[in-house]
Amino acid sequence: MEHAPAWLTSSLIYLSAAVIAVPLSKALGLGSILGYLGAGIAIGPWGLGLVTHVEDILHFAEFGVVLMLFLIGLELEPRRLWSLRRPIFGWGSAQVLGCTALLFLAGVAAGIGWKVSLVAALGLALSSTAIALQVLGERNLLPTGSGQAGFSILLFQDVAAIPILALLPLLGGGAEAEAADASSRALEALKIVGVIAGIVVGGRLLLRPVLRWIAKSETPEIFTAAALLLVVAIAALMQLVGLSMALGAFLAGVLLAESEYRRELETDIEPFKGLLLGLFFIAVGMSIDFAVLRNAPGLMAAIVVGFLAIKGVVIWWLARGIGLPVAERPVFTLLLAQGGEFAFVVFQAAAGARVFPAETASLLIGAVAVSMLLTPLLLVAIDRWWLPRYAGQKASGLAEISESQDAPVIIAGFGRYGQIVGRMLNAQGIRATVLDHDADMVEAARAFGYKVFYGDASRLDLLRVAGAGSARLLVVAVDDVEQSLAIVDLAREHFPHLELVARARDVTHWNQLRDRGVMRVERELFESSLRSARTVLEVLGHTPFEARRHAMRFRRHNLELFEQMHPHYKDRAKLIAVVKQGRRQLEEQMAQERSERERRAALGDRELRTPGWDRERGAARTEER
């Protein structure tokens, strides 16, 4: 590829590495972040050497973090952000100051000069916003107490990075420090205040009218370009005055959180954020200097283990002070204990200001990168060996169902699906024994007055206690497919008299349940989707009766088609043939009906009544009911 342009070659390398490494990492249960980091190591200077200009890629890929903070800001209205001011400045300052103090003391105790110890402590006290927020988002932890606390601390770290960088020239004692007199520092402070004020005022007064004007062009790609331009312009402004680009993007997102274009902005920017974040993790993997690791492996290991342990202790005690549940503390501690991408900037700036030599900066940057590499691995270890212990302790606080029940109905699973069934039965005065193995769900349901027992319905002993021997019906409403099938197998073998009503997540699950002889199976989204289709027909001009009749006809046809498909669902070729034939029959039938209606309308028969018409309408209403 000698004559290929550089961007084409680079794109081929990065995309190939990501497409190979990430699915492989996910398949091994290691998560996507470790896959990206591994891809970076493989193609970087210490791997295959396909990429050499790592710093340029890292600076470009940092824009992924900027986009992520912008999207997070879009989810936080100004009132909600104001409500987080105490966690941000309270917990955030406690984390940064506490970690910095202990790391500084450890450095001094090890015989390192106080300036080097202070800068190293300040840089190592910061955490990776990219990895932490990505993990919290993947695990849906952002709305939880640990997620909100972690986000608040990370946001404070972005703010704290500003005075940290301002401090470095003073510690260096070189020409930069002499030039930084009082008047110039005052001017810099005014610039910072002016830029932040400009973002706030502009976001309130200008951004919405401008976006409205662009939206009127009805050109989707231009709106996407405008969304990217907005984030790039704000990042450039913040960079100009030496502020965190991510912080500026976050503020812009908050100001647009109440905008009518919020969802469209999210939709347009989300794909770019994902790709650039992946590129950022690849760049971090490439930036690991294995020469430093090879030359001083013992020292590198001591630094990594030492600062992770010190930060871990501080953050664990902070989590206790915040009042986070014990089960959430390990992940919270690990995500904030690792080093962060902003440490790269701090240590490079410190070397430039001659606070310490470039070799020391390389060693510290390598330690931070290694900690970011270790974090996904440690998360896997926590998930497999630590969290199950805490989950068991948490669940043991809820006594499993122990007294025999005699309700005619048993409901296994009280999530969004099982709750509707339970509430319907309760409204009719029908007693039901409800089992759920999620301790949080049980506690929440009990808080709202529902009688829900803690227990796993796939256990024979608990099913017996729940009254399966005398009950008439078992509703299998659990979310997990494997658990659902296990419950059905158990009930079929030990309680053959039980009628089973089961929830199917998808077509495959439906077929597996039918293989087990379960005849009353409802696909969880089918009926609601059918209702939406009826609404669409009505909006397009069909009368409510016509829309209902078409929906009921489609419903009958779909259920009949499923029965025809079931014997062949393991034979892909035969299955596709049955589906195509069924779809063709439905289309022909509908076309014939439309032709018949048009013919009658042409003859002036406006009532469209036939001897079977009333019966069909009555059947449609009966079936709907």
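This is a short tour of a predicted model, going from the whole chain to a few places worth selecting.

**The whole chain**

Start with everything shown as a cartoon. The chain holds 28 helices and six strands. Now colour by burial: of the 625 residues, 45% are buried. If you display contacts between residues at least 6 apart in sequence, 74% of them join residues at least 24 apart.

**Stop one: L84 and its distant partner**

Select L84, in the loop between α5 (78-83) and α6. Is L84 buried or exposed? Its relative accessibility is 9%, below the 20% cut-off, so L84 counts as buried. Next, add S152 to your selection. S152 is 68 residues from L84 along the chain, yet the two C-alpha atoms are separated by 7.2 Å.

**Stop two: the α6 and α7 pair**

From the loop, move on to residues 85-109, which form helix α6, and select residues 114-124, helix α7, along with them. The axes of these two helices are 8 Å apart, and the angle between them is about 145°. The crossing of α6 past α7 is right-handed. To see who touches whom, show side chains: α6 contributes T100, L103, F104, G107 and V108, while α7 brings W114, S117, L118, A121, L122 and L124. Sorted by class, this contact has eight nonpolar residues, three polar ones and no charged ones.

**Stop three: helix α20, one face at a time**

Jump to residues 416-427, the 12 residues of helix α20. From first C-alpha to last, α20 reaches 17 Å, close to the 16 Å expected at 1.5 Å a residue. Colour G418, G422 and L425, which are buried. Then turn the view to look down the axis of α20: the buried residues fall within an arc of 65°, so they line one face of the helix. What covers these buried residues? Strands β1 (409-412) and β2 (432-436) are among the elements that do.

Now rotate to the face turned away from the buried side. Here you will find the exposed residues R416, I420, M424 and A427. Before leaving, click on G429, just after α20, where phi is positive at about 75°.

**Last stop: helix α24**

Finish with residues 507-515, helix α24. Which of its residues are buried? Select H509, W510, N511, L513 and R514 to see them. Following α24 comes G517, another residue to click on, with a positive phi near 85°.

Notes:
Residues are numbered from 1 along each chain as its sequence is written. This is a predicted model: local features need pLDDT of at least 70, side-chain atom pairs count only at pLDDT 80 or more; totals for chains, interfaces and linings use all residues. Side-chain values use heavy atoms; hydrogens and water are left out. Helices (H or I, at least four residues) and strands (E, at least two) are DSSP runs, numbered from the N terminus. The expected span of a helix is 1.5 Å times one less than its number of residues. Buried means under 20% relative accessible area, exposed over 50%, partly exposed in between (1.4 Å probe, protein chains only). The arc is that of the directions from the helix axis to the C-beta atoms. Contact means heavy atoms within 4.5 Å. Axes are lines fitted to C-alpha atoms, for helices over the stretch in contact, and angles run from 0 to 180 degrees between N-to-C directions. A crossing is left-handed if the near helix is turned anticlockwise from the far one by less than a right angle, and right-handed if clockwise. Ala, Val, Leu, Ile, Met, Phe, Trp, Tyr, Cys and Pro count as nonpolar, Asp, Glu, Lys and Arg as charged, and the others, Gly among them, as polar.
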